[in-house]
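Please read this briefing with the sequence and the structure side by side. It takes one residue as its starting point and then widens to the chain.

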Amino acid sequence: MVIEQSFYVRPTLFCSQYHCKVICNASVFVVIDDDRDDIEIFMDACHEIEPSARVLLFEDGNGCLDELPRLNVEPDIIFINVQMPRMSGQQLVQKLKSQIQLAMTPIVVYSTECDDDLLREFKYLGVSEFFQKPNSFHSLKAGLSKILNSVLDGNNCSNSDDFVVMECT
């Protein structure tokens, strides 16, 4: 399905006009976040970094788990917010990692909060990177660019003992 306008496809899935056009060999990013303002800013940054990418957006983990298999796409990267309704970021990471088709997909957790216990927990769960939500669009773009370049170039750390933490203070 090609979506040309920004609107809800289902209550848990929505797309932006410039990301859901079917493009051959385009990267596919999955973003799970319940904050629409954060999503719009995130989408703008993704579009500026990787204009041809398809970005699939879900408002919660349940929506992602229900809809993603039906869409028949293999995401290149999954971005998950920590604090969401109905299912936490930790629970969602565990469920995604248990699905064979997604087990090796790099997962980046992003959150406004950042503490040692949270970082240890996500590292243990097999998350590739932890990205603290920055306060500026420029910082967001710079951080996302580093993450996407690493993942799209095949240098992500999901298969190693490395764990990248960006912007944590």
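In this predicted model, Asp 33 sits in a loop, with strand β3 (28-32) on one side and helix α1 (36-49) on the other. The points below begin with the surroundings of this residue. Aromatic rings, cysteines, the whole chain and confidence follow.

**Asp 33 and its surroundings**

- Is Asp 33 buried or exposed? Its relative accessible area is 0%, and because buried means under 20%, Asp 33 counts as buried.
- The side chain of Asp 33 has a polar contact with the side chain of Tyr 110, at 2.9 Å.
- A polar atom of the Asp 33 side chain also lies 3.0 Å from the backbone nitrogen of Asp 35.
- Leaving aside residues up to four places away in sequence, Asp 33 touches Asp 38, Ile 39, Phe 58, Glu 59, Asn 81, Met 84, Tyr 110 and Lys 133.
- Tyr 110 therefore appears both in this list of touching residues and as a partner in a polar contact, and at 3% relative accessibility Tyr 110 is itself buried.

**Aromatic rings**

- A pair of aromatic rings is described by two values, the distance of the centres and the angle of the planes.
- How many aromatic pairs does the model have? The count is three.
- In one of them, the ring centres of Phe 42 and Phe 79 are 4.9 Å apart and the planes stand at 70 degrees, so this pair is edge-to-face.
- Phe 42 belongs to helix α1 and Phe 79 to strand β5 (residues 77-81), so the pair ties together parts 37 residues apart in sequence.
- Both Phe 42 and Phe 79 are buried.
- Phe 42 also pairs with Tyr 110: the centres are 5.2 Å apart and the planes at 20 degrees, so this pair is stacked.
- The pair of Phe 42 and Tyr 110 links distant parts of the chain, with Phe 42 in helix α1 and Tyr 110 in strand β6 (residues 107-111), 68 residues apart.
- The relative accessibility of Phe 42 is 3%, so this residue counts as buried.
- Through ring pairs, Phe 42, Phe 79 and Tyr 110 form a cluster.

**Cysteines**

- How many disulfides are counted? The number is zero.
- Cys 46 has a relative accessible area of 0%, so it is buried.
- Cys 64 has a relative accessible area of 1%, so it is buried.

**The chain as a whole**

- The protein chain has five helices and eight strands.
- Read from the N terminus, the order of these elements is β-β-β-α-β-α-β-α-β-α-β-α-β.
- The chain has 169 residues, and 49% of them count as buried.
- Among contacts with a separation of 6 or more, 68% join residues 24 or more positions apart.
- The accessible surface of the chain is about 8700 Å², and carbon and sulfur atoms account for 45% of this surface.

**Confidence**

- The mean pLDDT of the chain is 76, and 75% of its residues reach 70 or more.
- For residues 1-24 the pLDDT is below 50, and this stretch has 59 contacts in the model beyond near neighbours in sequence.
- Residues 156-163 also have pLDDT under 50, with 20 contacts in the model beyond four places in sequence.

Terms used. Residues numbered from 1 in each chain as written. Predicted model: local features only at pLDDT ≥ 70, side-chain atom pairs only at ≥ 80, totals over all residues. Heavy atoms only, no water. Helix = DSSP H or I, 4+ residues; strand = E, 2+ residues; numbered from the N terminus. Buried < 20%, exposed > 50% of the residue type's maximum accessible area, 1.4 Å probe, protein only. Polar contact = N/O pair within 3.5 Å; in protein donor to acceptor, adjacent residues only side chain to side chain. Contact = heavy atoms within 4.5 Å. Disulfide = S-S within 2.5 Å. Areas by Shrake-Rupley, 256 points an atom, 1.4 Å probe, with all protein chains shown as cover. Phe/Tyr/Trp six-rings, centres within 6.5 Å; stacked < 30°, edge-to-face > 60°. pLDDT = per-residue confidence, 0-100.
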